[in-house]
Amino acid sequence: MKLKVVVVTVLLVAALSYYIYTPLPDAIQEPWKLMVVDAGFRTAMNLATLKHQLGLDHYITSVRHTLEGFDSTVTALQGSESTAGVVPGVKVSDITFARIPVRVYEPPAGGEGHLRRGLMYLHGGGWAFGSGKVGTYDKMSRMISDELNTVVVSVEYRLFPEVHFPEPFLDCVAAAKHFLSAEVLAKYAIDPERVAVSGDSAGGNLAAAVAQEISTDDSMSVKFSVQALIYPALQALDFNTPSYVQNHNMAILSRQVMVQFWLQYLGADISVEPHLIANNHSAMQQLALTSELRSRLDWTTLLTQKFKKSYTPVVVERDSHGLLKKVPGFLDVRSSPLLAGPEVLAKCPRAYILTCEYDVLRDDGLMYARRLQDAGVSVASDYYEDGFHGCLSFTSWPMDFDVGKRALRGFINWLQNNL
């Protein structure tokens with residue numbers, strides 16, 4: 001009997017280890033911790049998908065509940081307010097800007113006698129998950145507000161499946177215009193020359209798109225002075241850039257998951273996912289995809305050899321599904337800011353772009369930095385050779401990574417010196 005128990009235990013441990021184990025690059029620190037985090041995400045997605053197939057709940061809603069439960073558990077384990085990231089003195093208000101829910105963080109220093117910085121932050125989560133009110137986002141906003149004497153506005157834009165493109169973008173634009181109005185800036189004692197827009201991942205996509213929209217809107221008397229993009233998703237036409245191919249099975253964000261996020265955001269059928277991974281939607285026969293548009297995301301010219309490595313472009317001759325006609329969002333600069341023309345980029349504010357080596361979105365950020373520079377925009381870049389997608393969100397116990405802490409500090413330091 002004891003032998004059977006031992007055998008069963010060994011088999012269960014082996015099965016669990018097999019499920020958790022994901023090959024990771026040698027440069028990744030604490031690989032088993034990242035494997036456990038990734039396994040947790042995969043488990044949540046798999047269980048949610050099963051519930052969805054059984055008609056019990058939409059899988060996105062199920063994953064949200066799981067993430068909310070995890071966040072509550074972590075907060076309880078962290079215990080005291082100090083370890084949970086609460087900064088004494090920072091005033092937090094949940095209000096609306098142009099009917100869009102936002103959370104406003106006001107620094108304890110106050111605005112009497114001098115003006116303060118302003119920052120609008122857009123959280124990540126694949127346009128389907130996340131909230132600026134919880135976890136690292138809340139902690140980061142409090143830190144920035146306190147350390148940099150900044151009024152931070154975190155926007156709770158609507159998510160999939162309730163809405164899809166362009167609604168999240170329109171929410172963020174509406175909130176941005178309200179924030180940049182003379183009345184609101186005066187109310188919070190914000191210097192109109194020192195207002196930033198920032199975001200990570202899908203939020204980085206929205207931040208870049210909002211920066212372009214505001215920069216080209218002649219009706220706006222106050223515009224963002226800087227944009228800070230953290231591993232942003234900036235195009236959905238080439239899923240075979242070197243970083244997409246190199247990191248196609250990387251923990252936290254694989255190519256398949258990122259393609260699924262894009263399809264959901266653009267309101268497309270998930271069943272066409274294989275065609276996107278094969279780049280069928282950007283086939284040479286697509287008349288709408290002109291040579292000029294192709295040049296705006298041509299990684300063979302926009303990336304340095306360090307990142308191109310030995311990869312070759314994946315170019316398909318024909319697309320029998322007509323995906324660009326069925327999903328016009330693929331070519332919309334509001335969803336894919338990398339496709340904007342040089343005349344638009346030239347009007348954009350100074351930029352900070354953070355990228356990570358082990359991230360499918362690395363090349364999106366690098367190409368955008370190059371295109372902004374070519375348009376005459378000043379760009380500062382932070383690249384983490386040991387970084388992975390989402391690392392900025394893993395800065396607190398028990399999911400703390402050194403690279404995440406370094407990335408967060410680098411981001412805050414840049415704002416300190418440039419905003």
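Biologist: How many salt bridges does the structure hold?
Modeller: Keep in mind that this is a predicted model. A pair counts when a side-chain nitrogen of Lys or Arg lies within 4 Å of a carboxyl oxygen of Asp or Glu. On that basis, the number of salt bridges in the structure is 22.

Biologist: Which residues are linked in a network of salt bridges?
Modeller: Happy to list them. The network of salt bridges links Glu30, Lys33, Asp400 and Lys405.

Biologist: Which strand and which helix does the salt bridge of Asp138 and Arg103 link?
Modeller: The side chains of Asp138 and Arg103 meet at 3.3 Å, N to O. The two residues are 35 apart in the chain, and the parts they link are strand β2, with Arg103, and helix α5, with Asp138.

Biologist: Are Asp138 and Arg103 buried or exposed?
Modeller: The cut-off for buried is under 20% relative accessible area. Asp138 has 10%, so it falls below that limit. Arg103 has 13%, so this residue too is buried.

Biologist: How many residues of β2 are buried?
Modeller: Strand β2 has seven residues, and it is largely enclosed by the rest of the structure because so many of them are buried. The number is six.

Biologist: Where does Glu147 find its salt-bridge partner, Arg409?
Modeller: Glu147 and Arg409 meet through their side chains at 3.0 Å, N to O. Glu147 is in helix α5, and the partner is 262 residues away in the chain. Arg409 counts as partly exposed at 31% relative accessibility, and Glu147 counts as partly exposed at 38%. The place you asked for is helix α18 (residues 402-418).

Biologist: Which residue of the Glu292 and Arg296 salt bridge counts as buried?
Modeller: The closest N and O atoms of this pair are 3.1 Å apart. Glu292 has a relative accessible area of 40%, so it is partly exposed. At 14%, the buried residue is Arg296.

Biologist: Now the sheet. Which strands stand at its edges?
Modeller: Eight strands form an open, mixed sheet in the order β1-β2-β4-β3-β5-β6-β7-β8. The twist averages 20° from one strand to the next. An edge strand has a single partner, so one side is left without a neighbour in the sheet; the two strands are β1 (91-97) and β8 (379-388).

Biologist: In which sense do β1 and β2 pair?
Modeller: Ser93 stands opposite Val104 in β2. In the hairpin of the two strands, Ala98 takes a positive phi near 55°. Seven bridges join β1 and β2, and the sense is antiparallel.

Biologist: Which residue of β6 stands opposite Asp200?
Modeller: Strands β5 (residues 190-200) and β6 (residues 226-230) run parallel, with five bridges between them. The residue facing Asp200 is Ile230.

Biologist: What angle does the direction of helix α8 make with that of β5?
Modeller: Helix α8 (residues 202-215) packs on the sheet and touches β3, β5 and β6. The angle between the directions of α8 and β5 is about 140°.

Biologist: What is the accessible area of the nonpolar patch on the surface?
Modeller: The patch is made of Leu50, Leu54 and Leu56. Leu56 is found in the loop between α2 (31-53) and α3 (59-78), and this residue is exposed at 59% relative accessible area. Together the three leucines have about 320 Å².

Notes. Residues numbered from 1 in each chain as written. Predicted model: local features only at pLDDT ≥ 70, side-chain atom pairs only at ≥ 80, totals over all residues. Heavy atoms only, no water. Pairing = 2+ DSSP bridges. Helix = DSSP H or I, 4+ residues; strand = E, 2+ residues; numbered from the N terminus. Axes fitted to C-alpha atoms, helices over the stretch in contact; angles between N-to-C directions. Contact = heavy atoms within 4.5 Å. Patch = residues over 30% accessible without salt bridge, like charges linked within 9 Å, V, L, I, M, F, W, Y side chains within 5 Å. Areas by Shrake-Rupley, 256 points an atom, 1.4 Å probe, with all protein chains shown as cover. Buried < 20%, exposed > 50% of the residue type's maximum accessible area, 1.4 Å probe, protein only.
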